[in-house]
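Hi everyone, thanks for making room for me today. I'd like to walk you through one structure, so please have a look at it while I talk.

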Amino acid sequence: KRTPEENVKAESLKKAWEKRVNSGIEAQKTWWEDGRDNKKFIRGSCWSYSMDQQLPNSQWSKTTANRMHALVNGYLATTVYRRPNVNAKPTKAGDDSMKRAIVDSSWLNYCMRECRAEEHLHLATYDAIVYGAGFIEQGLDSKAGGVAYMNWASAEDVVCDPHANTVMESCGWIARRITMNVSTARKLYKTPELKADGDVEGKPHS
C-alpha cells in the first residue's frame, strides 16, 4: 500500500503525463481526421447508391472506377516484402566467420517468421500511405529465449511528442494506447482502484 506522499507524487505524475498526451492528441487530430477520410475514399465510401445518381431521363449515371484502391495496393506491393528473408555477411574471411554468418542468417529468418514480420510490415506501410505515419514496436522477448518480436500499432493508437521534428532522436516520448481487461490491468499495474471505461458511479460497465 502506498503512503500519502507516494499517492501525491503518483497523482502529480499522472497529471503531468495526461497534459503531455492531450497536447499530442490535439496536435495529431488533423492528420487523424485526414487519414480517416483517406481510408473511406480508398474503400469507395465516397460513392453512394442514393437516387441522386439518377439522371433526369431516369437513366443511371456512369460508374466511376475507384482507382485509389488499386493505387494503394500497388504501393503496398512495391514497398512491402513478401516473405522477407535476410542473409548475414561474414565479418571477415575464414570458415569460422562463414559458419557464424550462416547461423546468424538462420536465426534472423526464424525470428521474422515467428513474429510474423510480413503481416506487421504490411499494416504499418498501409498506415504510412493512408495517415502519413506507420508504427511498429520491436524488441527481444526474454520469456521466449531472446527471440525478436514485432508488433504493429495502429496510427490512431499512437501519440508522439508534438515538439519533435522528423528526426527520431528529437522525440522525447511516444505513448501507445493499449486496450485490455480491467482486471488484468489492475494486476499488471498494481492499481486495484482502477476503473473500466464506462464506469458509472463506481459500478462496472457491462
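Let's start with a charge and a ring: the charged end of Arg20 sits over the ring of Trp17, 4.8 Å from the ring centre. Before I go on, please keep in mind that this is a predicted model.

Now, Trp17 has an aromatic partner too. A search of the whole structure turns up four aromatic pairs. In one of them, Trp17 meets Trp173 edge-to-face, with 5.9 Å from centre to centre and 90 degrees between the planes. What does that pair tie together? Trp17 lies in helix α1, residues 4–42, while Trp173 lies in the loop between β3 (158–160) and β4 (174–176), so the pair joins parts that are 156 residues apart in sequence. As for exposure, Trp17 is partly exposed, with a relative accessible area of 36%. Trp173, on the other hand, counts as buried, because its relative accessibility is 10% and the cut-off for buried is under 20%.

Another pair involves Trp31 and Tyr131. Their ring centres are 6.4 Å apart and their planes are at 80 degrees, so this pair is edge-to-face. Trp31 lies in helix α1 and Tyr131 in the loop between α4 (117–130) and β1 (135–141), so this pair ties together parts that are 100 residues apart in sequence. Trp31 is partly exposed at 23% relative accessible area, whereas Tyr131 is buried at 8%. Ring pairs also bring in Trp32, linking Trp31, Trp32 and Tyr131 into a cluster.

Since α1 keeps coming up, let's look along that helix. How does its span compare with what its 39 residues should give? At 1.5 Å a residue, α1 should span 57 Å, and its end C-alpha atoms are 53 Å apart, which agrees. There is a bend to point out, though: α1 has a kink of about 45 degrees, centred on Gln28. Gln28 is also one of the buried residues of α1, along with Gly24, Trp32, Gly35 and Ile42. What covers those buried residues? The cover includes α2, α4 and β3. Just after α1 comes Gly44, with a positive phi near 90 degrees.

That brings us to the nonpolar interior. The largest nonpolar core has 16 residues, and Tyr126 and Phe135 touch the most other members. The elements giving two or more residues to this core are α1, α2 (67–79), α4 and β3. The largest share, three residues, comes from β3. If you click on Tyr126, and leave out residues up to four places away in sequence, you'll find that Tyr126 touches Lys39, Ile42, Arg43, Val72 and Leu76. Ile42 should sound familiar, as it was among the buried residues of α1.

Next, a word on backbone angles. Most residues other than glycine have a negative phi. Which residues here go the other way? One of them is Arg116, which has a positive phi of about 55 degrees although it is not a glycine. Arg116 is in the loop between α3 (95–114) and α4, and is partly exposed at 45% relative accessibility. Lys190 also has a positive phi, near 50 degrees, and is likewise a residue other than glycine. You'll find Lys190 in the segment after α5 (182–188), where it is exposed, with a relative accessible area of 72%.

I'll finish with two spots to click on. Ser105 lies in helix α3 and is buried at 10% relative accessibility. Leaving aside neighbours within four places in sequence, Ser105 is in contact with Val86, Asn87 and Ala88.

The other spot is Ala148, in strand β2, residues 147–153. Is Ala148 buried, exposed or in between? Ala148 is partly exposed, at 26% relative accessible area. Again leaving aside neighbours within four places, Ala148 is in contact with Cys111, Cys115, Gly139 and Leu140. Measuring from C-alpha to C-alpha on the model, Ala148 and Tyr110 are 9.3 Å apart in space, and 38 residues apart in sequence.

That's my tour, and I'm happy to go back to any part of it on the screen.

Key: Residues numbered from 1 in each chain as written. Predicted model: local features only at pLDDT ≥ 70, side-chain atom pairs only at ≥ 80, totals over all residues. Heavy atoms only, no water. Phe/Tyr/Trp six-rings, centres within 6.5 Å; stacked < 30°, edge-to-face > 60°. Helix = DSSP H or I, 4+ residues; strand = E, 2+ residues; numbered from the N terminus. Buried < 20%, exposed > 50% of the residue type's maximum accessible area, 1.4 Å probe, protein only. Lys NZ or Arg CZ within 6 Å of the ring centre and 35° of its normal. Core = buried A, V, L, I, M, F, W, Y, C linked by side-chain atoms within 4.5 Å. Contact = heavy atoms within 4.5 Å. Expected span 1.5 Å × (residues − 1). Bend = angle between axes of the 7 residues up to and from the residue.
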